[in-house]
Amino acid sequence: MTPLADRFIQLAYDPGISPKGGGLPGLAVLKNVVNSINLFGIVAVVGALAVSLGVWAWGHHTGGHQAEANGKKGAVVAAGAALGLGAANGIVAFFSALGSQVH
């Protein structure tokens, strides 16, 4: 039977794994695919924002309060999606750096 302190040392073992580029083939292709997905997302958000703003304007001018409210919600959601898509790389880099500080 191992002492309790030895069990905790085994739980805290550092496997020595860290992200490293160039280890597997296809990294450049994967980055290109993810960049393209991000571009398609941004283009879709532009379309969603245009439609939402149109619904908001149409609802305001026709007195359709429900359409106006839905247009406002759509505009806010599209703006949030644009923020998330634009900041995705920074958010992942921030939390990756934060996670690498855990010992």
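This report walks through the helices, the buried positions and the one salt bridge of a predicted model.

**Overall layout**

Let us start with the whole chain. The model has three helices and zero strands, and reading from the N terminus the order of elements is α-α-α. Of the 103 residues in the chain, 9% are buried. The accessible surface amounts to about 8,400 Å², and carbon and sulfur atoms account for 71% of that area.

The UniProt record, an unreviewed entry, lists residues 37–58 and 78–98 under "transmembrane region". In the model, residues 37–58 are 100% helix and 0% strand, with 31 Å between the end C-alpha atoms. Residues 78–98 are likewise 100% helix and 0% strand, and here the end C-alpha atoms lie 28 Å apart.

**Helix α2 and its cover**

Helix α2 takes in residues 27–62. How does its length compare with what 1.5 Å a residue would give? The 36 residues of α2 should span 52 Å on that basis, and the end C-alpha atoms are indeed 52 Å apart, so the two values agree. Just after α2 comes G63, which takes a positive phi of about 80°.

Which residues of α2 are buried? They are V45, S52 and G59, and helix α3 is included in what covers them. S52 makes a good example to look at in your viewer. Its relative accessibility is 11%, so S52 counts as buried. Setting aside neighbours within four places in sequence, S52 is in contact with G71, G74 and A75.

V55 is another member of helix α2. At 30% relative accessibility, V55 is classed as partly exposed. Beyond its neighbours within four places in sequence, V55 is in contact with A67, E68 and G71. G47 also lies in helix α2, and its relative accessible area of 32% makes G47 partly exposed.

Two C-alpha distances let you see how residues far along the sequence sit in space. V55 and A75 are 20 residues apart in sequence, with 9.5 Å between their C-alpha atoms. For G47 and A78, the separation along the chain is 31 residues, and the C-alpha atoms are 9.0 Å apart.

The accessibility values for residues discussed in this report can be put side by side:

| Residue | Relative accessibility | Class |
|---|---|---|
| S52 | 11% | buried |
| E68 | 15% | buried |
| V55 | 30% | partly exposed |
| G47 | 32% | partly exposed |
| K72 | 38% | partly exposed |

**E68 and the salt bridge**

Now to helix α3, which runs over residues 65–100 and contains E68. Is E68 buried or exposed? Its relative accessibility is 15%, and because buried means under 20%, E68 counts as buried. Leaving out residues up to four places away in sequence, E68 touches V55, W56, G59 and H60. One of these, G59, is also among the buried residues of α2, while V55 is the partly exposed residue described above.

Side chains of opposite charge can pair when their charged atoms come close. The structure holds one salt bridge. Which residue is the partner of E68 in a salt bridge? It is K72, and the closest N and O atoms of the pair are 3.9 Å apart. The two residues are four places apart in helix α3, so about one helical turn separates them. The partners are placed in unlike surroundings: E68 is buried at 15% relative accessibility, whereas K72 is partly exposed, with a relative accessible area of 38%.

**A nonpolar patch**

Last, have a look at the surface around F94, whose place is in helix α3. Together with I91, F95 and L98, F94 makes a nonpolar surface patch of about 410 Å².

**Putting it together**

To recap, E68 of helix α3 touches residues that include V55 and G59, and E68 also forms the salt bridge with K72. On the side of α2, the buried residues V45, S52 and G59 have α3 as part of their cover.

Methods:
Residues are numbered from 1 along each chain as its sequence is written. This is a predicted model: local features need pLDDT of at least 70, side-chain atom pairs count only at pLDDT 80 or more; totals for chains, interfaces and linings use all residues. Side-chain values use heavy atoms; hydrogens and water are left out. Buried means under 20% relative accessible area, exposed over 50%, partly exposed in between (1.4 Å probe, protein chains only). Contact means heavy atoms within 4.5 Å. Accessible areas come from the Shrake-Rupley method with a 1.4 Å probe; for residues, only the protein chains shown count as cover. UniProt positions are given in the numbering used here, feature names are shortened, and annotations may be inferred rather than shown by experiment. Patches are made of residues with over 30% relative accessible area and no salt bridge: like charges are joined within 9 Å, nonpolar side chains (Val, Leu, Ile, Met, Phe, Trp, Tyr) within 5 Å. A salt bridge is a side-chain nitrogen of Lys or Arg within 4 Å of a carboxyl oxygen of Asp or Glu. The expected span of a helix is 1.5 Å times one less than its number of residues.
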